[in-house]
Amino acid sequence: MWYAIVAILILIADQGLKYWVTVNIPLDTGHVTLIPGVLELTNIHNNGAAFSMLAGKRWLLVGVTGVALLAVAYFVFVRRPKSKVEHLALIMIFAGGVGNWIDRFLNGTVVDYVNFQFVSFAIFNFADVCVTGGFALLIVWFIVAEVKAKRLRDAQAAADDEDCGTGTGAEP
């Protein structure tokens, strides 16, 4: 049940930050400097996906995101991951996706506000961080799990070789 609490906290933080930005920072023109020359909050409404891809395709994005969210929900609630790391990664992806889905469904745009000034990069939001971070965590978890599984298989194969008398240098 911990994962439901994490998902709700992510959604509250995401929607709360977006609300604060839309109320306190003028659309497209205003900003709040957090670290001069490095980081500012701005108020941009993105009607596309990442990097404004598929801009203006609101209902396509709502539908595709909805299907993706159903797939992630299946893995979280039906398949029920055994690892807490995998579970956390999927919850981050799910909650971040729901946060942006809510914006797109209700308003036709997603509120983006994190702007790194020292590099030319897209402006993004907390939900994007959760989705991206969740995917990164999932990839790392899969790599680590595969390395552990390979080591276990190799150790088991070596043990089997010893049990069969092979690998000891003795003739059968």
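This is a short dialogue on reading burial, contacts and surface patches in a predicted model.

Biologist: Is Asn100 buried or exposed, and in which helix does Asn100 lie?

Modeller: Buried means under 20% relative accessible area. Asn100 has a relative accessible area of 10%, so Asn100 is buried. Asn100 lies in helix H3, which covers residues 84–107.

Biologist: Which side chain does Asn100 contact?

Modeller: A polar contact is a pair of N or O atoms within 3.5 Å. Here the side chains of Asn100 and Asp128 are joined by a polar contact of 2.7 Å.

Biologist: What can be said of Val98 in helix H3?

Modeller: Val98 has 15% relative accessibility and therefore counts as buried. The C-alpha atom of Val98 is 7.6 Å from that of Leu11, although the two residues are 87 apart along the chain.

Biologist: Now the other case. Is Glu162 buried or exposed?

Modeller: Exposed means over 50% relative accessible area. Glu162 is exposed because its relative accessible area is 57%. Glu162 belongs to helix H4, residues 126–163.

Biologist: Which residues gather with Glu162 in a patch of negative charge?

Modeller: Asp160, Asp161 and Asp163 gather with Glu162 in that patch on the surface.

Biologist: Which residues form the nonpolar patch on the surface?

Modeller: That patch is formed by Phe51, Met53, Leu54, Leu60, Val64, Phe118, Val119 and Phe121. Together they have about 830 Å² of accessible area.

Biologist: Where is Met53 placed?

Modeller: Met53 sits in the loop between strand E2 (39–46) and helix H2 (58–79).

Terms used: Residues are numbered from 1 along each chain as its sequence is written. This is a predicted model: local features need pLDDT of at least 70, side-chain atom pairs count only at pLDDT 80 or more; totals for chains, interfaces and linings use all residues. Side-chain values use heavy atoms; hydrogens and water are left out. Patches are made of residues with over 30% relative accessible area and no salt bridge: like charges are joined within 9 Å, nonpolar side chains (Val, Leu, Ile, Met, Phe, Trp, Tyr) within 5 Å. Accessible areas come from the Shrake-Rupley method with a 1.4 Å probe; for residues, only the protein chains shown count as cover. A salt bridge is a side-chain nitrogen of Lys or Arg within 4 Å of a carboxyl oxygen of Asp or Glu. Lys and Arg count as positive and Asp and Glu as negative; His and the chain ends are not counted. The place of a charge is taken as NZ of Lys, CZ of Arg, CG of Asp or CD of Glu. Helices (H or I, at least four residues) and strands (E, at least two) are DSSP runs, numbered from the N terminus. Buried means under 20% relative accessible area, exposed over 50%, partly exposed in between (1.4 Å probe, protein chains only). A polar contact is a pair of N or O atoms within 3.5 Å; within protein, one must be able to donate a hydrogen and the other to accept it, and residues adjacent in sequence count only if both atoms are side-chain atoms.
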